[in-house]
Amino acid sequence: AAFSFKPIENKQQNSLNGAWMRQEDGNESVMLFMDGYATHTVYSKDKKEFKHTRGGTFTTNGDNISVVFEFHTENKDLIGKTVNLNFKVEGDKLTLTNQGTKATWKRIDKGQAPLAGTWRITHRMQDNQLSPIHQTGPRKTLKMLTGNRFQWFAINPETKEFFGTGGGTYTFE
């Protein structure tokens, strides 16, 4: 299926932009930060198993980051809530601190590529024609592209519904 997307108009330079990874308990965790959106996904590559994902809008102020969840596959009650973390970027290392617990992430790209950004779906291919997708209301499908990683997610933050996600690596020629 073919789709058409428009960019989210929240371009901002941020030291967090790009993709970050860490490994823990046999799972891989990937965080993406672009255009004021953040996602965090946990999966087992070896077992080909999706564990969970969450994400939403983010802002930074000094060494603090605030994320307002728009989706959370483990706990719908957190949708609409804000989590505040301390962060520190040193070279290709990101340290996040949440209530005294620290986690360290390794940068896997800097979010710099021709298509890097957060995009909202606008059209889909039906009968060999692009048909517009209804753009009003809270339901949306977004695709985040960093330097070489991507994630799409279909959500309705108002009703706390999560419809699906996918992600991985990409190249652009």
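**Notes on a strand barrel and its aromatic contacts**

1. Let's start with one residue: Phe33 is buried, at a relative accessible area of 4%. Keep in mind that this is a predicted model. Phe33 belongs to a strand worth a look in its own right, β3, which covers residues 27-34.

2. How many residues of β3 are buried? Eight of the eight are, so the strand is largely enclosed by the rest of the structure. In general, side chains of a regular strand alternate between the two faces of the sheet. Here Asn27, Ser29, Met31 and Phe33 point one way, while Glu28, Val30, Leu32 and Met34 point the other way, and all are buried.

3. Back to Phe33 and its ring. A search of the whole structure turns up three aromatic pairs. In one of them, Phe33 meets Phe58 edge-to-face, with 5.2 Å centre to centre and 80° between the planes. Phe33 sits in β3 and Phe58 in β5 (residues 49-61), so this pair ties together parts that are 25 residues apart in sequence. Phe58 is buried as well, with a relative accessible area of 2%. Elsewhere, ring pairs link Phe71, Phe153 and Phe162 into a cluster.

4. Now the neighbours of β3. On one side is β2 (residues 18-24), joined to β3 by seven bridges and running antiparallel to it. Trp20 has Met31 of β3 as its bridge partner. The two strands make a hairpin with two residues between them, and Asp25 in the turn has a positive phi of about 55°.

5. β3 also pairs with β4 (residues 37-44), again in the antiparallel sense and over seven bridges. Met31 turns up here too, standing opposite His40 in β4. This hairpin has two residues between the strands, and Asp35 takes a positive phi near 50°.

6. Carry on to the next strand: β4 and β5 run antiparallel and are joined by eight bridges. Tyr37 stands opposite Thr57 in β5. What do the strands add up to, and in which order do they close? Eight strands close into a barrel in the order β2-β3-β4-β5-β6-β7-β8-β9, with antiparallel pairing. From one strand to the next, the twist averages 35°.

7. Have a look at Asp92 too, in the loop between β7 (82-90) and β8 (93-98). Is Asp92 buried, partly exposed or exposed? With a relative accessible area of 42%, Asp92 counts as partly exposed, because that value falls between the 20% and 50% cut-offs. Leaving aside residues up to four places away in sequence, Asp92 touches Trp20, Trp105, Lys106, Arg107 and Lys110. Asp92 and Ile108 are 16 residues apart in sequence, and their C-alpha atoms are 8.0 Å apart in space.

8. Trp105, one of those contacts of Asp92, has another partner: the charged end of Arg22 sits over its ring, 5.5 Å from the centre. A second arrangement of this kind involves Arg139, which lies over the face of Phe163 at 3.7 Å from the ring centre.

9. Last, Ser131 in strand β11 (residues 129-132). Ser131 counts as buried at 18% relative accessibility, because the cut-off is under 20%. Not counting residues up to four places away in sequence, Ser131 touches Thr122, His123, Arg124 and Gln126.

Key:
Residues numbered from 1 in each chain as written. Predicted model: local features only at pLDDT ≥ 70, side-chain atom pairs only at ≥ 80, totals over all residues. Heavy atoms only, no water. Helix = DSSP H or I, 4+ residues; strand = E, 2+ residues; numbered from the N terminus. Buried < 20%, exposed > 50% of the residue type's maximum accessible area, 1.4 Å probe, protein only. Contact = heavy atoms within 4.5 Å. Pairing = 2+ DSSP bridges. Phe/Tyr/Trp six-rings, centres within 6.5 Å; stacked < 30°, edge-to-face > 60°. Lys NZ or Arg CZ within 6 Å of the ring centre and 35° of its normal. Axes fitted to C-alpha atoms, helices over the stretch in contact; angles between N-to-C directions.
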